[in-house]
Structures are given as structure tokens and as C-alpha cells.
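Visitor: Before we begin, I should like to hear the reasoning behind each label that is given to this structure. Please start with the strands.

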Amino acid sequence: MEIEPGRCYERPCAIVRTSDGREYAIPVFDHLHADPQFGFPHKHYHIDGRFYMEPRMGHEYRLHAGHTSAVIRPGNETPKFLRIETRILPCVQTQTGLTFPETPTKSQSDNLERYEQWYASYIGKSCAGKRCPHFGTEMLDKDGRLVCPMHELTADPDTMRVVARYSK
């Protein structure tokens with residue numbers, strides 16, 4: 001689905017409650033999953049930073065230009081995950097996805113190494129229909145490539161195949 005900033009769309013949202021009792025809607029990709037293959041065994045939802053989020057929650061989830069390293073984990077207490085529900089939200093930008101730490105800790109470095117190995121196992125796989133071969137998430141156009149907003153798998157739009165992350 002092509003989205004356009006300024007227009008409103010129905011989006012799945014994680015409804016969370018902060019310690020002061022306020023509830024907020026966080027736009028997410030509605031695919032609850034875990035990533036034990038790269039050191040994250042906890043079930044979670046990825047944040048969809050293309051859509052409006054209250055500034056307080058943008059700060060809480062370290063959202064920058066639609067990208068974040070944070071996820072929504074059911075079972076977390078702060079903020080407390082309540083449910084998934086559909087809301088109508090304005091699109092504020094066309095890009096979203098994961099960010100990776102610039103100076104990772106030892107644990108993060110180990111997980112990033114596992115991520116790189118996982119990513120390499122997808123190189124050459126088909127992205128037919130602009131769908132990621134991992135979970136079938138719609139891939140987004142970014143800098144002349146197709147990029148999965150959940151785990152950053154990147155494809156060549158001409159061949160519709162996953163390519164190395166930093167190839168041009």
C-alpha cells in the first residue's frame with residue numbers, strides 16, 4: 001500500500017498505559033513474534049514510525065525520523081501493554097524501520113553478529129509482490145531499494161531478490 005504524508009489510515013496500534021495511568025496508541029506492524037535467531041527471544045511488535053505518535057511516546061521509544069531500536073513487548077510493565085486495536089492515524093512520513101546502536105555493548109555486538117548471519121541466509125531470496133521473505137511484510141521504497149521495516153532485509157527492485165545490506 002502506498003501511503004502519503006498528511007493522509008489518515010487505519011493502522012494497528014499497541015495500546016499502552018504509562019505509570020501515571022494515561023493510555024497511548026503506538027502504531028505497530030501487527031505481527032507478534034520473537035527473534036531468538038539473533039538473541040531476542042521475547043515476543044514483540046515492531047513500531048511503525050510512519051504514523052503519528054504522541055511526542056511523549058516518541059521520546060519513550062526513541063523514535064527518530066521514523067526509526068527506532070525499541071519494540072513493544074506484551075508483558076512489559078512500563079509502559080504496560082494492554083491490547084492491539086485499530087485506530088485512524090495520520091501518516092507523518094514514508095520511512096520507518098530499525099536502528100542499530102552506533103557503539104554497541106558486548107551483548108548487543110553478539111546479537112548484531114547473529115543478526116548479520118541471519119541476514120546473510122536471506123541473500124538471494126525472492127521478494128515477490130514487494131513482500132519480505134521473512135514474514136511477508138510489505139517492503140518500503142528507500143534510496144532506490146526495497147527495505148523491510150521490521151528487520152531491514154533489503155532487496156533490489158529490479159531483481160526482487162534480497163541483497164547484501166550495504167550494496168548499492
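Guide: In this predicted model, D35 stands opposite F40 in β3.

Visitor: What makes β2 and β3 a pair of strands?

Guide: Two strands pair if at least two bridges are found between them. β2 and β3 have four bridges, in the antiparallel sense, and therefore they count as paired.

Visitor: Which strands make up the open sheet, and in what order?

Guide: The order is β5-β3-β2-β1-β6, five strands with antiparallel pairing.

Visitor: Why are β5 and β6 called edge strands?

Guide: β5 and β6 each have a single partner strand, so each has one side without a neighbour in the sheet.

Visitor: How do you know that D20 and R56 form a salt bridge?

Guide: The criterion is a side-chain nitrogen of Lys or Arg within 4 Å of a carboxyl oxygen of Asp or Glu. The closest N and O atoms of D20 and R56 are 2.8 Å apart, and therefore the pair qualifies. This salt bridge links distant parts of the chain: D20 is in the loop between β1 and β2, while R56 is in helix α1, 36 residues apart.

Visitor: Are D20 and R56 buried, exposed or partly exposed, and why?

Guide: Buried means under 20% relative accessible area and exposed means over 50%. D20 has 42% and R56 has 36%. Both values fall in between, and so D20 and R56 are called partly exposed.

Visitor: What makes R83 and E85 a salt bridge?

Guide: Their closest N and O atoms are 2.8 Å apart, and a distance within 4 Å is required; therefore R83 and E85 qualify. R83 is partly exposed at 33% relative accessibility, and E85 is partly exposed at 24%.

Visitor: How are D110 and K106 placed in helix α2?

Guide: D110 and K106 are four residues apart in helix α2, about one turn of the helix. Salt bridges with shared partners also join R17, E23, R83, E85 and R87 into one network.

Visitor: How do you know that D110 and K106 form a salt bridge?

Guide: The closest N and O atoms of this pair are 2.8 Å apart. The limit is 4 Å, and therefore D110 and K106 count as a salt bridge. A search of the whole structure finds 13 salt bridges.

Visitor: Why is K106 called exposed and D110 partly exposed?

Guide: K106 has a relative accessible area of 62%, which is over 50%, and so K106 is exposed. D110 has 29%, which lies between the two limits, and so D110 is partly exposed.

Visitor: How many disulfides does the structure hold?

Guide: The structure holds zero disulfides. A disulfide requires two cysteine sulfur atoms within 2.5 Å. The sulfur of C13 is 12 Å from the closest cysteine sulfur, that of C8, and therefore is too far for a bond. C91 is likewise in no disulfide, the nearest cysteine sulfur, in C8, being 9.3 Å away.

Visitor: Why are C13 and C91 called buried?

Guide: The limit for buried is under 20%. C13 has 0% relative accessibility and C91 has 3%; therefore both count as buried.

Visitor: What makes the backbone at P79 and at E152 worth a remark?

Guide: Most residues other than glycine have a negative phi, and most peptide bonds are trans. The peptide bond from T78 to P79 is cis, with omega near -20°, and P79 is in the loop between β5 and β6. E152 has a positive phi, near 70°, and lies in the loop between β9 and β10. At 10% relative accessibility, under the 20% limit, E152 is therefore buried.

Visitor: What lines the largest pocket?

Guide: The largest pocket, with a volume of about 710 Å³, is lined by 28 residues, and F40, S69, A70, V71 and L98 lie nearest its centre. The elements that give two or more residues to this lining are β3, β5, β6 and α2. The largest share, four residues, comes from α2. By kind, the lining divides into 14 nonpolar, nine polar and five charged residues.

Definitions and conventions
Residues numbered from 1 in each chain as written. Predicted model: local features only at pLDDT ≥ 70, side-chain atom pairs only at ≥ 80, totals over all residues. Heavy atoms only, no water. 1 Å grid on protein atoms, 1.4 Å probe; cavity = no way out; pocket = protein on both sides within 12 Å on 5 of 7 lines; lining within 4 Å. Points joined across faces, edges and corners; volume = space filled by probe spheres on them. Nonpolar A, V, L, I, M, F, W, Y, C, P; charged D, E, K, R; others polar. Buried < 20%, exposed > 50% of the residue type's maximum accessible area, 1.4 Å probe, protein only.
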